[in-house]
Amino acid sequence: MSPEQDADTQSTNIAIACQGGGSHTAFTAGVLAELFENWDEEDELVGISGTSGGAFNALAAWYGLVTGDEAKAAGIVTDIWADIAVDGPADRATNSWLTTLSRFEGAGLPLPRMSPYQNPWSEMGKDRVRSILERHIDFEEIPGYCKRTAPELVVGTVNVNAGVFETFTNEDVTVDAVLASAAVPTLFEAVEINGHYHWDGLFSQNPPIYDLMHQPPERKPDELWVIQINPQELEGEPTSLDEITNRRNELSGNISLNQELRFIERVNEWVESGTLPAEQFKTTEIHRLQMEQGYDASTKLDRDPEFIEELVTEGRDKAAAFLDERAES
């Protein structure tokens with residue numbers, strides 16, 4: 001697959017949506033790396049979106065593709081997470097402190113709270129992420145690669161002032177837009193873009209899907225691959241405060257996703273019934289690549305290298321199983 005793929009080649013249009021979830025989205029990095037290393041040349045990526053940590057992955061994959069090929073995309077995605085992982089004793093101590101506080105908070109223990117506007121570590125953390133992203137991606141180059149044949153790139157945020165979802169697409173995906181998508185309100189200051197402020201896209205479309213579908217007929221996705229971090233189903237009843245906190249966190253990350261997927265399913269029904277014209281609309285097959293291993297919500301802040309590698313490996317395994325199943329169908 002290439003952004004310059006021969007237009008006469010019959011291909012399956014693929015869109016990929018990457019759900020956010022902090023460090024858990026290292027799972028997504030593993031999924032994407034495995035997918036691109038084993039990409040079927042008969043498939044064409046027409047769009048990729050992401051929110052929060054999923055936005056890091058979507059951007060890295062897109063940039064690798066438009067500046068190189070599938071191998072480069074896989075490499076950048078995993079390299080970024082290698083850099084995000086804890087590096088050195090001081091960073092390890094900070095990581096342990098943050099995850100422990102998050103775990104205590106989830107268990108309902110009374111803890112002192114501090115606004116990120118009063119916490120000097122907040123700005124330092126944001127600067128570190130900015131440095132990592134700019135190390136791997138030349139943001140000034142992005143507009144030049146936003147050609148008609150390039151995949152659509154979409155990053156999700158929430159507009160704090162207007163109280164609405166706001167996505168940044170293609171040439172509007174700046175480093176600030178990606179940082180805004182990951183600006184968890186309790187950890188980072190809001191990011192100002194175009195005169196208003198933005199927070200973490202987990203409060204909005206998680207991940208953005210509508211923009212991926214809103215393309216010319218020849219570019220509309222035949223298949224949508226959703227890389228889902230938050231478990232969809234749960235057995236039993238959450239009873240402890242920690243269990244309730246975890247499930248609430250999972251549900252808040254899935255509500256907007258399920259709403260958007262339900263709309264796609266409704267469009268599919270309208271196309272199949274003839275209510276919508278087939279020459280302008282098409283049915284889109286939805287696939288969910290879900291992280292099956294359950295983790296405490298506090299580990300969404302955990303950047304321990306071994307944990308990151310565990311998630312990447314789990315993502316690779318999930319993608320490999322998906323590709324095998326798809327080849328057999």
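## Close-up views of a predicted model

**View 1. Helix 1 and helix 3 side by side.** The axes of helix 1 (residues 26–37) and helix 3 (residues 70–84) come within 8 Å and cross at roughly 165°. Angles over 145 degrees count as roughly antiparallel, so helix 1 is roughly antiparallel to helix 3. Please keep in mind, here and in the views that follow, that this is a predicted model. The crossing of these two helices is left-handed. On the helix 1 side, look for Ala-26, Ala-29, Leu-32, Ala-33, Phe-36 and Glu-37; they meet Glu-70, Ala-73, Ala-74, Val-77, Thr-78 and Trp-81 of helix 3. Sorted by class, this contact of helix 1 with helix 3 has 9 nonpolar residues, 1 polar residue and 2 charged ones.

**View 2. Helix 1 meets helix 2.** Here helix 1 is shown with helix 2 (residues 53–67); their axes come within 10 Å and cross at roughly 25°. Angles under 35 degrees count as roughly parallel, so helix 1 runs roughly parallel to helix 2. Helix 1 passes helix 2 in a right-handed crossing. Thr-28, Ala-29, Leu-32 and Phe-36 are the helix 1 residues to find, and they meet Asn-57, Ala-61 and Leu-65 in helix 2. The residues of this contact divide into 5 nonpolar and 2 polar, with no charged ones. Ala-29, Leu-32 and Phe-36 may look familiar: they meet helix 2 here, and they are also among the residues of helix 1 that meet helix 3.

**View 3. Helix 3 and helix 5.** Helix 3 packs with helix 5 (residues 120–136) at an angle of about 150°, and their axes are 10 Å apart. That angle makes helix 3 roughly antiparallel to helix 5. The crossing of helix 3 and helix 5 is right-handed. From helix 3, the residues in the contact are Ile-76, Asp-79, Ile-80, Asp-83 and Ile-84; they meet Arg-128, Ile-132, Leu-133, Arg-135 and His-136 in helix 5. By class, the contact of helix 3 with helix 5 divides into 5 nonpolar, 1 polar and 4 charged residues.

**View 4. A hairpin of strand 3 and strand 4.** Strand 3 (residues 152–159) pairs with strand 4 (residues 164–169) in the antiparallel sense, over 6 bridges. To find your way, start at Asn-159, which stands opposite Val-164 in strand 4. The hairpin has 4 residues between the strands, and Gly-163 takes a positive phi near 70°.

**View 5. Two tryptophans, one aromatic pair.** The model has 4 aromatic pairs, counting rings whose centres lie within 6.5 Å. One of them is formed by Trp-39 and Trp-225: the ring centres are 5.7 Å apart and the planes are at 50°, so the pair is tilted. Trp-39 lies in the loop between helix 1 and strand 2 (43–51), whereas Trp-225 lies in strand 7 (residues 223–228), so the pair ties together parts that are 186 residues apart in sequence.

How values were computed:
Residues numbered from 1 in each chain as written. Predicted model: local features only at pLDDT ≥ 70, side-chain atom pairs only at ≥ 80, totals over all residues. Heavy atoms only, no water. Pairing = 2+ DSSP bridges. Axes fitted to C-alpha atoms, helices over the stretch in contact; angles between N-to-C directions. Parallel < 35°, antiparallel > 145°, perpendicular 65-115°, else oblique. Left-handed = near helix turned anticlockwise from the far one by under 90°. Contact = heavy atoms within 4.5 Å. Nonpolar A, V, L, I, M, F, W, Y, C, P; charged D, E, K, R; others polar. Phe/Tyr/Trp six-rings, centres within 6.5 Å; stacked < 30°, edge-to-face > 60°.
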